[in-house]
Each structure stands twice: as structure tokens, then as C-alpha cells.
Amino acid sequence: MSILRELLNDIPIPQMVKIRQKFDRSILENPLQELADKLESSGVMPSILPGQQVAVAVGSRGIANIAGFTKTTLDAIKARGAHPFIVPCMGSHGGATADGQTEVLQHFGITEETMGAPIRSSMDVVKIDQLPNGLPVYVDRIASEADAIVVINRVKPHTAFRGRIESGIMKMIAIGLGKQKGAEACHQLGFKYMAENVPAMANLMIEKLPIVFGVALVENAYDETCQVEVLPAAEIEAREEVLLVEAKSRLPKILFDEIDVLVIDYIGKNISGDGMDPNVTGRYPTPYAHGGPEVSKMVVLDLTHETKGNANGVGTADFTTQRLVDKTNLEFTYANGLTSTVCAPTKIATTLENDFYAIKAAVKTCNILDYTTCKLVRIQDTLHLGEIEISVNLLEAARQHPDIEILSEPFELTFDAEGNICK
């Protein structure tokens, strides 16, 4: 018997209970029609002139209805007699290659066929200026040559810094349109200054480029569209600040403040840029963001298929499994750290042979006197927090919470012949 098995065999895994967490489910019944109406009523469309070449910048992951929002925007531009095309707007994602970024869009349902518009993907950039602190400002070369630019993105809290502007249209302009070179430049001085550099870069780009408007989206805790706004370029910054407050109030969360062990089935770039959203886990890659539960030990078990081996975020956990490590593409993973300058999340966490021993290792090291009292929470990923599992030691707190419904009797986690949780 290996020394690791010997150390862990007697560590108990607590019984679990399935619960449902309830959040505000305000939703737009017809979000695409809402966007079409806002495009018509916002007064931005007369800025698009017949015959113009219009770059529509899109590319953030995991946005509800993103293909539909993109198609609606393209159709509105076509109705003006202009010629829209799609520019992948995602910094260094997609392996920082033109083909890779086109493939990322394809996963979103955004193709030339489905959109009825060409996709012009390139990693070529041009430097248009620099900030007073010396940071260069880059923009996608193809977008820079367009007659007009439109940007589509969701507004939400960032995972590595706090500010009045975090993730949204401004970040999409500064980092997404900047491609790998722009993302690298914006991150060069670190996340400590990101709250200043993102809006500074975006405002300079709005001044220098023909950015006409942004489509800003807000989602509820179930990743459903609950708000759509069309923002003229001059109003993007002020309105995004308000929308960020709204988005933060709707953020899904784990409804327990103190957790001994958090088990996450899947991490991946399609879940969060950090593999798992730190706003949910309470584990941040930098000291410049905060919030979420206090978690003693965290385990990540596997990668999503969509992440294609990019295991960014695994280093934020304490333990992982050999199968996750076997699926990891280190080149894709390390590219994240090299671009963002935050390398701790790309390290490999302490690796156990399977789920069974990874969970036991977390229980053993979670710093409690009696292992049988372990407060353990298991989630599928940080996007799906409606139905989760908790250990029986959290059952009384769950019963007292007005937004929690108990769905099952206590049960034992079961493992297959390879020692992985039976799904």
C-alpha cells in the first residue's frame, strides 16, 4: 500500500444531502426582441451609414443567448445598408491564434453560416497610443480599419480586482480588442492597477477609434439574461458603473459563510477565465479582490471538455486528481499566466490518484479536530449553484435558511472502480 493511501484510508467522507439554493430569477421573456427594440429606440443606429464596413466585436465565454444577440445586432446593421463583419474580441484566448479564436466563436454558435456575416480573425494589432504611465495601447488591426465598431459583452464582477469598472464593455475594448498584445500590455503592471488601466485604455480607444456603441448584458444567478442595454460610446463608462452594481447584486453564491472542504467537479475556461469563479469560491488569484465564503480546503476533480486542456485555476485549489492532470495542456495553461502575469493559478495542485483520495486529503488537512464534523460542499461548477450537495453537518444551517430547500435524505457518496464519484 502506498504511503498516501495509508495516510488517508481512515479519513471519513461525510454523508451528503442534496439541496436547492434559491436566487432572484428575474428574466427577460424575449431578450432578443428586447435588444432589437433597444437598438431602435436608443438613437445609435443613425450613426451607422449605408455602405460602411462595421466590425462587431464579440468573444466572452459563457454568455447566455450570445449567438442570438450577435445575429440581432448584425441584422440591425444590415438594415442600415451597412456591411457588418465579426471580429473575435478575446485577448489571448483560443490559444492566442487567429484560428483558435474563430474556433472559440464556433463553440458559441457564432459562425459565418449562422450569422450571415464574415468572420475576420487575426492576431495582428496596431499601436494607437500609450497611457501617461507608459503602457502601450493596441487594437486589432482589422477592427481599426473599419468605418465603425460595435462591442457586445456581459457586465459582471471581475475575478482578480475591484473597481468601479470591472468586466464589461470597457474591459472588452481595452483587452479584448487589444488581442494578445493588448491583453499583455494591460496586465503588465499587474492587477493592482487594473482598475485604473482598464478604463484609461478603453477611454483612449473610444477617443481614437470609431466605436459607435456597446451592447451591455446583465445576467441573473442562473446565467439567464435579465437586462439588455444599448450604450452610445459617450455613455458606456458611466452606465457600465451602474450596471456593475446590479450585476454584483445578482451574483450566484454558496449560501454558507464557512466551509471546511469545497469540492468542485469541473473547472474550465468556458466556466470562468479563472477556471472557476473566485467570486463564488472565495479563492482569488490576487490580493486585489475579495468576497465569497471562507473555505479551508478546496478540491477540483476534472476539466470540462470545452476547455481543451486549459487548466488555468487548478493552482488556486489545494488538491486535484491525476485524471485532471492527464488532461491538462500545459502550453495553453501556461499561456494564461504569461499573459495575465498571474502564475499561481497555472501551477498544479497537490495531485491524488482519484476523487476518493483527493476528497479524503482535503478532509484530513482542513484543520478540524473531529473529521466527522467536516462541513463539506460539493458543486458541479461555479456556474451551476441551484442544486448542490452539502454534508449533514451543514443540514441544520440549511434548514434555517429561507432560500434553501432540502431535496434528499442523507446519502453516502459512491465511487466507481477507478475511485471517481459516480455521477
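The following exchange examines how several terms apply to this predicted model.

Visitor: Why is strand E10 described as largely enclosed by the rest of the structure?

Guide: Strand E10 spans residues 294–303, and eight of its ten residues are buried, so the strand is largely enclosed.

Visitor: What makes E9 and E10 a pair of strands?

Guide: Pairing requires at least two bridges. Strand E9 (residues 258–267) and E10 are joined in the parallel sense over eight bridges, so the criterion is met. Among the contacts, Leu262 has Met298 in E10 as its bridge partner.

Visitor: How many aromatic pairs does the structure hold?

Guide: The structure holds four aromatic pairs. One of them, formed by Phe356 and Tyr357, has 5.0 Å centre to centre and 80° between the planes.

Visitor: Why is the pair of Phe356 and Tyr357 called edge-to-face?

Guide: Ring centres must lie within 6.5 Å, and planes over 60 degrees apart count as edge-to-face. With 5.0 Å and 80°, the pair therefore satisfies both conditions. Phe356 and Tyr357 also belong to one aromatic cluster with Phe415.

Visitor: Which of the terms buried and partly exposed applies to Phe356, and which to Tyr357?

Guide: Buried means under 20% relative accessible area, and exposed means over 50%. Phe356, at 25%, lies in between and therefore counts as partly exposed. Tyr357 has 8% and is therefore buried.

Visitor: How do you know that Arg25 lies over the face of Tyr222?

Guide: The CZ atom of Arg must be within 6 Å of the ring centre and within 35 degrees of the ring normal. Arg25 lies over the face of Tyr222 at 4.0 Å from the ring centre. Arg120 lies over the face of Phe85, at 4.2 Å from the ring centre.

Key:
Residues numbered from 1 in each chain as written. Predicted model: local features only at pLDDT ≥ 70, side-chain atom pairs only at ≥ 80, totals over all residues. Heavy atoms only, no water. Buried < 20%, exposed > 50% of the residue type's maximum accessible area, 1.4 Å probe, protein only. Helix = DSSP H or I, 4+ residues; strand = E, 2+ residues; numbered from the N terminus. Phe/Tyr/Trp six-rings, centres within 6.5 Å; stacked < 30°, edge-to-face > 60°.
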